[in-house]
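Reader: I should like to learn how the features of a protein model are read, one after another. Could we begin with the packing of helices?

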Amino acid sequence: MKKRRLGAWLLAVSVAFVSAAASFLAGPAGLAFAQDNGQTVIEAPVEGTYVKGEALISMTTTQAAALTKEGTVNFDRKIQVEECWDFGAAEDESSNRVRDFVALVRSDTYSTQELMEIVSEKYYVDAVAPNSYAHLCDTGSDPLSDYQWYLNGEGAMLTDSMGIHAAGMQVSTSMQPVVALIDTGVDYTNEDIKDSMWVNPYQSQGLEGTYGYDFAENDADPMDRFGHGTHCAGIIAAQTGNGTGIAGISNAKIMALKVAKDGEDTFETAGVIAAYEYVIRAQQLGVPIAAVNCSWGGGYDTGAVLNTLIDKMGENGALSVFAAGNDGINWDAVAVSRRQTPYDMKSNYIVIVGASDENDDRAFFSDYGKTQVDLFAPGSNILSTVHETRFLPQFWTQEKREKMTVYYNTFDQVSGLYTAENIENLRTNYTVGLSYEAGVGFADHGNGSLKYTVRRNRNVFYPMEAGNTVQKNGQEQAGFIYLDVTDLHLDTEQTYYISGLMMEEGADDASLWEPFEKVSSAKDSRFIVSGGRTYLALIGIMTQSIRTSTYYIDNLAISVPDPDLSQFEKCSIMSGSSMAGPMVSAAAAILRAANPAQKASGIRSMLMACTRSADGVANACVTGGILDLSHVSVRAFGLKLNKTSANVRYGKTLQLKAVVSPSNVSNAKVTWSSGNTKYAVVSASGKVTVKKAGIGKKVKITAATKDGSKLKKTCTISILKAK
């Protein structure tokens, strides 16, 4: 495989203090070609939404076609085939030589529109589209499970939701499916995830990588250094009952397919296609992939390139689960021609998931649409695994917190906190206000929080310092909150970790908290000594704005000096539809594990029934409900009768019995029917009674399952005269 650049699809994590990504409502970026009076017509893609001079083409042809060969094409030396992916034999073709291909082509001479027009002239080209940008969607015995409100609405978090009702799930699984995670990679060394990783048994057969593949850097190591993919993976399948971290939802294995470079949230559609090709190859080798988790969106697939591949994965058994997005858009109100991925797709194998909050309402940031979004799942303040250890004592037991911290404050007043205005000889260009805000606090307690306002006094640009810099030449570098630590007798030469939860004032009823972490060390100290007192800078906001910005701070903590980092967890909280999508991917894996004979279309139908009605999302999605695992069912895949034919004399009866498999089927009941009630009737229990008029006739008695599996078996009876 050639190295490919990463493109873009917006992080479904709602991260505080980070500006929103490009709007979903730009004009069309990728268009299928159309014929107008025999001429190929390609509309110009919108500037900035695609990689210039590149296009993706979908083809049905043999390997002899010019556009299937990497390198300069023979019909135009100004066009290069950068990569071509083979998706196997084309459906409904008599010869296996006719196959489905997708190619990435490039030209340094032609514009993207010209390039698309030229390649679309080839008779075997089905669709063309620019290489658009996509964005990652903004973003028990397990010690932290008490804070996983989304599992059952129980624990330390204050909530009016039952979560996904995981405790109500009553099925046993018969297989272990795989969820393919197309994201920033996965930290496969995380103690809570390492045993949930899919291990590739097909490397000798050409399927690269141990745990998946990195299509961002074109290597076999899909390690996550951003955190988004690991957070999604933990929601799906973190180990349960291992005494570490959180509890995952399913027993699935995670296939890590990395498409975003470290520290970046954008990637090209070509990377997604490469990941899809990996999934299809894995399916063809026998990997039981139940879901492809896509916590990203954006760009356009009007040429149906992605849609075609999603259909192919679906036919092989996998649903594609997409996050709805985090721009608060009602996609029902967006013109069809302006809908972006996944809303511009028509596949029967796609499930789109919106984010609900702790009150079973639509999270204020979540996209929605009564005809466009399928269902909702929790996506607010979701605790899960990440790629690096974090100092988060707010999620520890009280005993551990008391042992590992020298200061902890959940706020019922403002005491001991200061601003530069209160500290002697500290110059500043910021005005900071601190006050107690009742009724606004993290949902693990009933207190309020610290209200923190900040603005810059002069509208003059000053270079901002990086890292932990508190002051330079006696000048404060940000609007800081300080704690007087004189009486704590802290050693300023040692290392201390500082953490808390922060929420920016924004949308109505928003309660999205983001953790922050700072470090004070001898080399990079956050201590200030003034007027005989010692202060520690907890957190500061750098801004050039002379307008006041408001934030809320809760669960402030300072670690013991030089703490044992092995006591920290690789966990954090995030909010967004990116967090809701993996819950539905996990549900799809549970359904597939319990119903291995079901096709992806059947799993999707069952998944749509796994919801409970909620007023807060009633008009926001197709089902009008939130994911509820208590509705997970096992459907029948086998039905047998004790007799398939029998002779019955007039005046006698026949007792038929039906056996439904598997043994743990949720509904083992059957309905009985007679092919001709003038000759024979059958009771609800399978007892057949023949009539005099039927003597010498044959009648079919049918048993049909009631659980939606639509299985039927028939016994043909011959009616004889009485002796």
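Author: Let us begin with a crossing: helix H3 passes helix H7 in a right-handed crossing. Please bear in mind throughout that this is a predicted model.

Reader: By what quantities is such a pair described, and what is the angle between the axes of H3 and H7?

Author: Two packed helices are described by the angle between their axes and the distance between the axes. Here the axes of H3 (residues 228-237) and H7 (residues 577-594) cross at roughly 40° and come within 8 Å. The two helices are therefore oblique to each other, since angles under 35 degrees would count as roughly parallel.

Reader: Which residues of H3 and H7 meet?

Author: From H3, the residues are His228, His231, Cys232, Ile235 and Ile236. Their counterparts in H7 are Ser578, Met579, Pro582, Met583, Ser585 and Ala586.

Reader: Let us turn to strands. Is strand E7 enclosed or not, and how many of its residues are buried?

Author: Six of the eight residues in E7 (residues 99-106) are buried, so the strand is largely enclosed by the rest of the structure. Strand E4 (residues 50-61) is joined to E7 by eight bridges in an antiparallel arrangement, with Ala55 opposite Val105. Strand E6 (residues 76-89) also pairs with E7 in the antiparallel sense, over seven bridges, and there Asp86 stands opposite Phe101.

Reader: How is an open sheet to be read, and which strands stand at the edges?

Author: One reads the order of the strands and then looks at the two ends. In this model, four strands form an open sheet with antiparallel pairing, in the order E20-E25-E29-E28. Strand E20 (417-418) and strand E28 (527-530) are at the edges; each has a single partner strand, so one side of each is left without a neighbour in the sheet. Between E28 and strand E29 (residues 533-541) there are four bridges, and Ile528 faces Tyr535 in E29.

Reader: Which residues of the largest nonpolar core touch the most other members?

Author: That core has 128 residues, and those touching the most other members are Met255, Tyr276, Ile289, Val292 and Leu627. A second, separate core of 25 residues includes Phe411, Val432, Leu490 and Ile498.

Reader: Within the loop between strand E16 and strand E17, is Ser366 buried or exposed?

Author: Ser366, in the loop between E16 (350-356) and E17 (375-378), counts as buried because its relative accessibility is 0%. Beyond its neighbours within four places in sequence, Ser366 is in contact with Gly325, Gly328, Gly354, Ala355 and Phe376. Phe364 lies in the loop between E16 and E17 as well, but is partly exposed, with a relative accessible area of 34%. Its C-alpha atom is separated by 8.6 Å from that of Asn326, 38 residues apart along the chain.

Reader: Finally, what should one look for in the backbone?

Author: Two things may be examined here: omega and the sign of phi. The peptide bond from Thr341 to Pro342 is cis, with omega near 10°, and Pro342 is in the loop between strand E15 (319-323) and E16. Ser661 and Pro662 are likewise joined by a cis peptide bond, with omega about 10°. As for phi, His489 has a positive value near 55° although it is not glycine; this residue is exposed, with a relative accessible area of 68%. Lys710, also not a glycine, has a positive phi of about 60° and counts as exposed at 74% relative accessibility.

Technical notes
Residues are numbered from 1 along each chain as its sequence is written. This is a predicted model: local features need pLDDT of at least 70, side-chain atom pairs count only at pLDDT 80 or more; totals for chains, interfaces and linings use all residues. Side-chain values use heavy atoms; hydrogens and water are left out. Buried means under 20% relative accessible area, exposed over 50%, partly exposed in between (1.4 Å probe, protein chains only). Contact means heavy atoms within 4.5 Å. A nonpolar core is a set of buried Ala, Val, Leu, Ile, Met, Phe, Trp, Tyr and Cys residues joined through side-chain atoms within 4.5 Å. Two strands pair if DSSP finds at least two bridges between them. Axes are lines fitted to C-alpha atoms, for helices over the stretch in contact, and angles run from 0 to 180 degrees between N-to-C directions. Angles under 35 degrees count as roughly parallel, over 145 as roughly antiparallel, 65 to 115 as roughly perpendicular and the rest as oblique. A crossing is left-handed if the near helix is turned anticlockwise from the far one by less than a right angle, and right-handed if clockwise.
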